[in-house]
Structures are given as C-alpha cells and as structure tokens.
Amino acid sequence: VLTACGGSGGGSGSAPAASTLSGTAAVGAPIVGGTVNIACAAGNTINPTTTSSAGDWQVTIAGQTFPCAIQVTNGTVNGVTQTSPYHSIAVTLGTVNITPLTDLIVANLSAQAPSIWFNGLTGTSLQAMNQTTVNDALSRVNSALGLSATLAGNNPLTTPSNPVKGNLL
C-alpha cells in the first residue's frame, strides 16, 4: 500500500511517501506484547511498536532505505514470558514475519548470531543485503532443514501467517 503525498506537484516542502511494514511475530503461538524494533539501511529512526494479542504488528515507513532489520523482544507466549529475541529482514514494503525460522534465515544471511548482527548493524552492512542474498539464505535453510516440499512455495519471511496449531509458518 503506497500513499502519495498530497499537493500539486513535487515542489520543495512535499512530504515523502509513506507506507507500511507489518507482519506476525510468533513461535508457533503468537508473541503477545512483544517489542518490535526496526533498523533500516538509511533514514530516520523508526519508533518501536508492540505486537497484538494475535502477534500482529505494523509500522509506517517514510523516508527509509531498504533493507530493514527487524527484531522482536519480550512479550509472552501462551502467558509465559518470552525471553528469546527473534529477527527478520525486509527488502521491500509489505509483510515481514518474525519467527524462529526467520531467525535462522538471518543467521544464515549474516553468518553470525542474529542478536549480535542486529546489535552491530550499520547502514553499510545492511546495504550489502538484497533480494538475491535473502533468497539464497532462504534456499540454504530450506534445503538444510528439508522444508522445500513442506512449505510448498510459501515464504516464511513474507507469506501472511496466522499463528495457530497446524499452520506450518
């Protein structure tokens, strides 16, 4: 969803286009009340957001350069405190899930523990990542875990997901 700035043309003083980045944070069950932090390759700071009772989250993105790294911390899962952070990456606007599987994809992509990667992010390190490098990491994780047939073409990073029993994403 893109929202253009209003007005009569692109003169100075026009607001940049704004869009959303959203998804689901889950570990089989939704992460409720988790804090979602986002860091993009360039742009203004994005204020953290909180996951809903269904694990859903959403932020408005304006003036950012992709890719963006995403981390969820804290919250609860089935009423139990969530102590492990999970990570994901967005190379475009739209849906970005945060799960243990996306955490593995980030580990493969960054060649380090996702928490260390997220805490040490720089614009340069993020700009080295693109759709091709993310797809390669996804392919390696799918192959290593034998998930290609199980996921049947669903992308754990970007396929909208409802965290309920039986949903493989």
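This report walks through the fold, cores, two helices and a few unusual residues of a predicted protein model.

The model is a prediction, in which local features need pLDDT of at least 70 and side-chain atom pairs count only at pLDDT 80 or more, while totals for chains, interfaces and linings use all residues. Residues are numbered from 1 along each chain as its sequence is written, and side-chain values use heavy atoms, with hydrogens and water left out.

## The overall picture

The protein chain has five helices and 10 strands; these are DSSP runs numbered from the N terminus, with helices (H or I) of at least four residues and strands (E) of at least two. There are 169 residues in the chain, and 40% of them count as buried. Buried here means under 20% relative accessible area, exposed means over 50%, and partly exposed is in between (1.4 Å probe, protein chains only).

Take the contacts in the chain with a separation of 6 or more: residues 24 or more positions apart account for 61% of them. A contact means heavy atoms within 4.5 Å. As for the outside, the accessible surface is about 8,400 Å², and carbon and sulfur atoms own 52% of that. The areas come from the Shrake-Rupley method with a 1.4 Å probe, and for residues only the protein chains shown count as cover.

## Two cores

In soluble globular proteins, nonpolar side chains tend to be buried together. A nonpolar core, as used here, is a set of buried Ala, Val, Leu, Ile, Met, Phe, Trp, Tyr and Cys residues joined through side-chain atoms within 4.5 Å. The largest one has 19 residues, and Leu21, Ile38, Trp57, Ile70 and Ile98 have the most contacts inside it. Strands S3 (35–42), S5 (56–62), S6 and S9 (86–90) each give two or more residues to this core. Another core, of 18 residues, lies apart from it, with Leu126, Val134, Leu147 and Leu157 among its members.

Back in the largest core, what does leucine 21 touch? Leaving aside residues up to four places away in sequence, its partners include Ile38, Trp57, Val59, Ile61, Phe66, Ile70 and Val96.

## Helices H4 and H1

Helix H4 (residues 131–145) has 15 residues and spans 21 Å from its first C-alpha to its last, close to the 21 Å expected at 1.5 Å a residue. That expected span is 1.5 Å times one less than the number of residues. Val134, Ala137, Leu138, Val141 and Asn142 are the buried residues of H4. Looking down the axis, they fall within an arc of 135°, so they line one face of the helix; the arc is that of the directions from the helix axis to the C-beta atoms. Thr132, Ser143 and Ala144 are exposed on the other side. The buried residues of H4 pack against S9, H1 and H5.

In H1 (100–110), the buried residues include Leu101, Ile105, Val106 and Leu109. Their cover includes S9, H2, H4 and H5.

Both helices have a capped N-terminal end, and asparagine 97 and asparagine 155 also reach the backbone with their side chains. The table lists these polar contacts (pairs of N or O atoms within 3.5 Å; within protein, one must be able to donate a hydrogen and the other to accept it, and residues adjacent in sequence count only if both atoms are side-chain atoms).

| Side chain | Backbone partner | Distance |
|---|---|---|
| Asparagine 130 (caps H4) | nitrogen of threonine 132 | 2.9 Å |
| Threonine 99 (caps H1) | nitrogen of leucine 101 | 3.2 Å |
| Asparagine 97 | oxygen of proline 156 | 3.3 Å |
| Asparagine 155 | nitrogen of leucine 157 | 2.8 Å |

Asparagine 97 sits in the loop between strand S10 (94–95) and H1, and counts as buried because its relative accessibility is 2%. Among the residues that asparagine 97 touches are Gly23, Ser88, Thr102, Leu157 and Ser161. Asparagine 155, in the segment after helix H5 (148–151), is buried too, at 18% relative accessibility.

## Backbone oddities

Most residues other than glycine have a negative phi, and most peptide bonds are trans. Here, phenylalanine 66 and proline 67 are joined by a cis peptide bond, with omega about 10°; proline 67 lies in strand S6 (residues 65–73).

Asparagine 78 is not a glycine, yet its phi is positive, about 50°. It is found in the loop between strands S7 (76–77) and S8 (80–81). Is asparagine 78 buried or exposed? It counts as exposed because its relative accessibility is 68%.

Alanine 111 follows H1 and has a positive phi, near 60°. At 69% relative accessibility, alanine 111 counts as exposed. Glycine 146, which follows H4, has a positive phi near 65°.
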